[in-house]
Amino acid sequence: MASQPTLSRFENRMNLLAAFSIGYEWIERYAESLKGKDKIIIDIDGTDDPTHGAQQLSLFNGYYGQYMYNELFFHDGDTGQIILPILRPGNSHSNRWYVGILRRIVRRIREVFPEIEIAIRADSGFSCPEFYLLADKFSLKYVIGLASNETLKKRVSRVEKAVRRLYLSKGEKHQHFFGFLYGAKTWHREQQIYCKVESTGLGMNIRYIVSNMEGGDAREIYFGTYVKRGDASENRIKEVKNGCFCDRLSTSGFLSNYLRLTISCLAYELFLLIKQAIAKTRFEKAKSWQVETIRVLLLKVVATIRKTKKRIRYKLSKAFVYRDLFVELIVS
């Protein structure tokens, strides 16, 4: 490993050209991994990274109520692979820059695989007029959350009153799904909206999504596609933050912190390879391990190292519980 001063000099040599080059390499790497696939899901989500110093572009975000960086992630919804990580100034809205970046990702994928079906999945922060124009231009499928407003509330008021009367008043749980066309003034055309009106037994829970998915009703699209982003995207971001420490962006320069984010994401990708290798073994319990568990139970283990002229020997403790799994992964 390089010394700390060397690593610091390396981080601070980062410039805008290098940042763009790294981004394009991430996209290229992902596009090359899609051979043999006929459809993919791209999950888009952001996360906050609180800052506690004088980092460049560490700004106050009113939604989170703190000084922070705003990280943006594009994930493969099936494999968990990071397509592209982006670091943004702290005061960025959820959808800042993402349409332009998504355009580059989609364009490159279609250049390599013109017939592949691309679906986009994201929460309500990413619903904007520019995205729907992009989706039509590139024939993208999508399911996007939609924030409530007065017009939508009026459209569902009759259903909401019925659910309140028939179920909530009795303390019963019930879910009612239905769809309708809706177009905000800034949208170029109307979109298909699906609504979930739910009595939780304790209160009302109303959710809206926008989707052009085919072959399913509102319930199937909501539970079969939309809610799965919780594990495919949100939990993967938690792994990058908690297991690979992508929120430790404490150097003074913005681009230096962008490089730190990239390195953390590369570490996550290495853990993803380990996960894929574990999935091929006979150890069923280990197949559900997350990054933190893999690091603690499989990698951070004590071993004796003996060097000879011809080889290096690693001697693991007999008390190492997952020794057989470790050896199987090394051999494979």
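In the predicted model, Phe131 is buried, its relative accessible area being 0%. Tyr142 is likewise buried, with a relative accessible area of 0%. Across the structure, the count of aromatic pairs comes to 17. Phe131 and Tyr142 form one such pair, in an edge-to-face arrangement with 5.4 Å from centre to centre and an angle of 80° between the planes. This contact links distant parts of the chain, since Phe131 belongs to helix α4 (residues 129–137) and Tyr142 to strand β6 (residues 141–146), with the two positions eleven residues apart.

An edge-to-face pair is also formed by Phe177 and Phe223, whose ring centres are separated by 5.7 Å and whose planes meet at 70°. Here, too, distant parts of the chain are linked: Phe177 lies in strand β7 (residues 173–182) and Phe223 in helix α6 (residues 218–224), 46 residues apart. The relative accessible area of Phe177 is 14%, so this residue is classed as buried, the limit being under 20%. Phe223, by contrast, has a relative accessibility of 34% and counts as partly exposed, because that value falls between the 20% and 50% limits.

Ring pairs further connect several residues into a cluster, which comprises Tyr98, Phe126, Phe131, Tyr132, Tyr142, Tyr182 and Trp187. Both Phe131 and Tyr142 are thus members of this cluster.

A contact between a charged side chain and a ring is found at Phe245, where Arg248 lies over the ring face at 4.2 Å from the ring centre.

How values were computed
Residues numbered from 1 in each chain as written. Heavy atoms only, no water. Phe/Tyr/Trp six-rings, centres within 6.5 Å; stacked < 30°, edge-to-face > 60°. Helix = DSSP H or I, 4+ residues; strand = E, 2+ residues; numbered from the N terminus. Buried < 20%, exposed > 50% of the residue type's maximum accessible area, 1.4 Å probe, protein only. Lys NZ or Arg CZ within 6 Å of the ring centre and 35° of its normal.
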